[in-house]
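Colleague: I would like to learn how to read a protein model. Could we go through some features one by one?

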Amino acid sequence: MNLNSRLKKIIDASDNIVFFGGAGVSTESGIPDFRSFDGLYNEKYKYPPETMLSRSFFMQQTEEFFKFYREKMLHPTARPNKAHIALAELEANGKLKAIITQNVDGLHTEAGSKNVIELHGSALRNLCMKCKECYPVEKIINSDGVPLCHCGGIIKPDVVLYEESLDPYVMVSAADAIYEADVLIVGGTSLNVYPAAGMITGYRGKKLVLINKSETSYDHRAKLIIRESIGETLESALR
Ligand code: ZN
């Protein structure tokens, strides 16, 4: 039996699947993983992306932060790909219980998924630091320099920056979903970014599926490892 047929068999037999995804899920929508382009960015920017996306950089060089953020982190023309669509279908069919994502692009929700746990927040939500008013992403895209609220406060994207902690409520929801899962499918992440990646250790089941083009730190625990495109793989598992 080939790998895709084995995945299909695992999916067909379960109604308690949880998907945990990383940047690789969105690269198929044309959103690059900023961690893999350090060299490229350094040609244009004075600092590595991890610095420019940190809390202290945001506070100290807010205008420079937004310049980088608008250019590299916002992808308004990106659309859900086969992976997002297949996962939404699995949820609609009652088979998938939750999607836990490290991405901030909102594409799972756009594809129709309902229970999406966004570990690192969402670029689609932007909050005034003073009065907490919420703004859509267009407010950031269509402003110059530092985007300001009508109250004068700075509008900050609702994404977790470096040096910031993950929302404890979101962490608990994700940990619960993983703990309760029968099948855990991990896709598009090499599981190197903590603390998110460490959450996988809470999985008690015996059906861990890894879909990633390169090795991950959990390969030894996986029942099934597929090194192909996530979109193609998940789509073929639904046929
Ligand atoms: Zn305000």
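Modeller: We will take a metal site, a helix pair, some single residues and the backbone in turn. Keep in mind that this model is predicted.

Colleague: Let us start with the metal. Which protein atoms are the donors of the zinc ion?

Modeller: To read a metal site, list the donor atoms, then look at the angles among them. Here the zinc ion has the SG atoms of Cys 128, Cys 131, Cys 149 and Cys 151 as protein donors, lying 2.3 Å from it. The angles among the four donor atoms run from 101 to 118°, and the site is tetrahedral.

Colleague: What spacing do the donors of the zinc ion follow along the chain?

Modeller: The spacing is C-x2-C-x17-C-x1-C. Cys 128 and Cys 149 link distant parts of the chain, being 21 residues apart. Cys 128 belongs to strand E4 (residues 121-128), while Cys 149 sits in the loop between helix H9 (137-141) and strand E6 (155-159).

Colleague: Are Cys 128 and Cys 149 buried or exposed?

Modeller: Both Cys 128 and Cys 149 are buried.

Colleague: Now the helices. At what angle do H7 and H11 pack?

Modeller: For a helix pair, read the angle and the distance of the axes, then the residues that meet. Helix H7 (residues 82-92) packs against helix H11 (residues 230-238) at about 35°, and their axes are 7 Å apart. The crossing of H7 past H11 is left-handed. From H7, the residues that meet H11 are Lys 82, Ala 83, Ala 86, Leu 87, Glu 89 and Leu 90. Their counterparts in H11 are Ile 230, Gly 231, Glu 232, Leu 234, Glu 235 and Leu 238. By class, this contact has seven nonpolar, one polar and four charged residues.

Colleague: Take one residue of that contact. What does Glu 235 touch beyond its neighbours within four places in sequence?

Modeller: Glu 235, in helix H11, is in contact with Lys 82 and Ala 86 once those neighbours are left aside. Glu 235 counts as partly exposed because its relative accessibility is 26%. Along the chain, Glu 235 and Lys 8 are 227 residues apart, yet their C-alpha atoms are separated by 9.9 Å.

Colleague: Where does Met 199 lie?

Modeller: Met 199 is in the loop between strand E7 (183-187) and strand E8 (207-211).

Colleague: Why does Met 199 count as buried?

Modeller: The relative accessibility of Met 199 is 11%, and buried means under 20%. Apart from residues up to four places away in sequence, Met 199 touches Leu 119, Met 171, Ala 174, Ala 175 and Ile 178. Met 199 and Ile 178 are 21 residues apart in sequence, and the C-alpha to C-alpha distance is 7.8 Å.

Colleague: Last, the backbone. What sign of phi do most residues other than glycine have?

Modeller: Most of them have a negative phi. Two residues here are worth checking for that. Glu 163 has a positive phi near 80° and is not a glycine. Leu 191, also not a glycine, has a positive phi of about 60°.

Colleague: Where is Glu 163, in the loop between which elements?

Modeller: Glu 163 is in the loop between E6 and helix H10 (168-180). With 58% relative accessibility, Glu 163 counts as exposed.

Colleague: And Leu 191: buried or exposed?

Modeller: Leu 191 is in the loop between E7 and E8. Leu 191 counts as buried because its relative accessibility is 0%.

Conventions
Residues are numbered from 1 along each chain as its sequence is written. This is a predicted model: local features need pLDDT of at least 70, side-chain atom pairs count only at pLDDT 80 or more; totals for chains, interfaces and linings use all residues. Side-chain values use heavy atoms; hydrogens and water are left out. Axes are lines fitted to C-alpha atoms, for helices over the stretch in contact, and angles run from 0 to 180 degrees between N-to-C directions. Helices (H or I, at least four residues) and strands (E, at least two) are DSSP runs, numbered from the N terminus. A crossing is left-handed if the near helix is turned anticlockwise from the far one by less than a right angle, and right-handed if clockwise. Contact means heavy atoms within 4.5 Å. Ala, Val, Leu, Ile, Met, Phe, Trp, Tyr, Cys and Pro count as nonpolar, Asp, Glu, Lys and Arg as charged, and the others, Gly among them, as polar. Buried means under 20% relative accessible area, exposed over 50%, partly exposed in between (1.4 Å probe, protein chains only). Donors are N, O and S atoms within 2.8 Å of the metal (3.2 Å for Na, K and Ca); water is not among the atoms, so sites may look incomplete. Four donors count as tetrahedral if all angles lie between 85 and 135 degrees; four count as square planar and six as octahedral if opposite donors are over 155 degrees apart and all others between 65 and 115; anything else is irregular.
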